[in-house]
Amino acid sequence: MAEFTPGVDISTDTPTIEVTVGPNNPMPIGRQTFRLVVVDDAGNASQPDQVVIIIADQDAPTAVIRGPRIAAFGKSFELDGSASFDAGGGKVVKYVWTYMGPVT
């Protein structure tokens, strides 16, 4: 069991770890990124690998948007919201799309 803090490494000698959360230290809703680097017995460190976990509200639906990593200039592309879900048993019936402008 481990309480993670963004940017702070936690080292273990086992290949699994429990991310400990609760009412007093909840993980924020949305996408949360975790990184893993492994070290061999000679002290060589791997390149990092990452996973993105979606923390979902159990009552409200969770939006999951997918799109291409790169889109050609002047060409159309598709966004996909089909992975959105309602963990509370409801059904997603409406998708509201907004272009937020360039990343600054």
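**View 1. The largest pocket, at about 1,100 Å³**. In this predicted model, 33 residues line the largest pocket, and F4, I10, F34, R35 and L36 are the ones closest to its centre. Two elements, β1 and β2 (49–55), each give two or more residues to that lining.

**View 2. What the wall of the largest pocket is made of.** β1 hands over five residues, the largest share of the lining. Sort the lining of the largest pocket by residue type and you get 17 nonpolar, 11 polar and five charged residues.

**View 3. A closer look at I10.** I10 sits in the segment that comes before β1 (30–36). Its relative accessibility is 36%, so I10 counts as partly exposed; the cut-offs here are under 20% for buried and over 50% for exposed. I10 also turns up among the residues closest to the centre of the largest pocket, along with F4.

**View 4. A nonpolar patch on the surface, built from F4, I10, I17, V19 and V21**. Taken together, these residues offer about 360 Å² of accessible area. Two of the names should ring a bell from the first view: F4 and I10 belong to the set closest to the centre of the largest pocket.

**View 5. The second largest pocket, with about 400 Å³ of space**. Its lining takes in 18 residues, and those closest to the centre are A63, I65, V96, W97 and T98. By type, the lining of the second largest pocket splits into 11 nonpolar, five polar and two charged residues.

Conventions:
Residues are numbered from 1 along each chain as its sequence is written. This is a predicted model: local features need pLDDT of at least 70, side-chain atom pairs count only at pLDDT 80 or more; totals for chains, interfaces and linings use all residues. Side-chain values use heavy atoms; hydrogens and water are left out. Patches are made of residues with over 30% relative accessible area and no salt bridge: like charges are joined within 9 Å, nonpolar side chains (Val, Leu, Ile, Met, Phe, Trp, Tyr) within 5 Å. Accessible areas come from the Shrake-Rupley method with a 1.4 Å probe; for residues, only the protein chains shown count as cover. A salt bridge is a side-chain nitrogen of Lys or Arg within 4 Å of a carboxyl oxygen of Asp or Glu. Helices (H or I, at least four residues) and strands (E, at least two) are DSSP runs, numbered from the N terminus. Buried means under 20% relative accessible area, exposed over 50%, partly exposed in between (1.4 Å probe, protein chains only). On a 1 Å grid over the protein atoms alone, a cavity is a set of points where a 1.4 Å probe fits but cannot get out, and a pocket is an open set with protein on both sides within 12 Å along at least five of seven lines; lining residues have an atom within 4 Å of a point. Grid points are joined across faces, edges and corners, and a volume is the space filled by probe spheres set on the points. Ala, Val, Leu, Ile, Met, Phe, Trp, Tyr, Cys and Pro count as nonpolar, Asp, Glu, Lys and Arg as charged, and the others, Gly among them, as polar.
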